[in-house]
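Trainee: I'm new to this one and would like a close look at a single part. Could you walk me through the salt bridges, and then show me a residue or two for contrast?

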Amino acid sequence: MFQFFKKKNEVIYAPCSGRVIPITEVKDPVFSQKLLGDGFAIIPDSEKITAPFTGQVVAIFPTKHAISLKTESGINYLIHIGIDTVKLNGEPFSIFIKENDKVKHGDLIAEVDFEQITRAKKDPSIIIIFTEGNQINNLKTNNEVIENNQPCGECYL
């Protein structure tokens, strides 16, 4: 007798309000060619960044432009705020979490001064990257305008 197992899926909640785009449309080849992993991006229209999954904070980069997290089911992902924003030395970012904190999807983790990022001629895209490709089998996102903390896609384990 055969047993069939349904793939488990994780709902992804939008980390900010804005327009969801495929990672292949991100204006940096490191991301668009998926060199760091598969994912998606949001062109933000608000300054609040929230956790897209329930899980734990693994690391916060010293320049505050990137946060590494792990979901409850063990999926590793990175929230990368803007392109080339590492050069801004943390100036436009206010981080409200610390390493090893537990977060629920929707918890406020950062606020970003996107005007400062665009004045510095940097791309403000919020990029979500699944850094270990073998952890997810399929990623589906709703490529549309979305509100913060609303479902914007899912990934299958």
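Mentor: Here is a tour of the salt bridges, followed by two other residues.

Before we start: this is a predicted model, so local features need pLDDT of at least 70 and side-chain atom pairs count only at pLDDT 80 or more, while totals for chains, interfaces and linings use all residues. Residues are numbered from 1 along each chain as its sequence is written, and side-chain values use heavy atoms, leaving out hydrogens and water.

The structure has five salt bridges, a salt bridge being a side-chain nitrogen of Lys or Arg within 4 Å of a carboxyl oxygen of Asp or Glu. One of them joins Glu-111 and Lys-48, at 2.8 Å from N to O. Glu-111 sits in strand β10 (residues 108–112) and Lys-48 in strand β4 (residues 48–50), so this pair ties together parts that are 63 residues apart in sequence. Strands, by the way, are DSSP runs of E with at least two residues, helices are runs of H or I with at least four, and both are numbered from the N terminus.

How open are these two side chains? Glu-111 is partly exposed, at 25% relative accessibility, and Lys-48 is partly exposed too, at 39%. The scale runs like this: buried is under 20% relative accessible area, exposed is over 50%, and partly exposed is in between (1.4 Å probe, protein chains only).

Another salt bridge pairs Asp-101 with Lys-98, with the closest N and O atoms 3.2 Å apart. Here Lys-98 is exposed, at 53%. Then there's Glu-115 with Arg-119, where the closest N and O atoms are 4.0 Å apart. These two are four residues apart in helix α2, so about one helical turn separates them. Both are exposed.

Just past that helix comes Ala-120, in the loop between α2 (114–119) and β11 (123–130). Ala-120 is partly exposed, at 31%.

Now for the contrast. Glu-10, in strand β1 (residues 9–13), is buried, with a relative accessible area of 14%. Its side chain makes a polar contact of 2.2 Å with that of Ser-73; a polar contact is a pair of N or O atoms within 3.5 Å where, within protein, one must be able to donate a hydrogen and the other to accept it, and residues adjacent in sequence count only if both atoms are side-chain atoms. Setting aside neighbours within four places in sequence, Glu-10 touches residues including Phe-53, Thr-71, Ile-75 and Leu-157, contact meaning heavy atoms within 4.5 Å.
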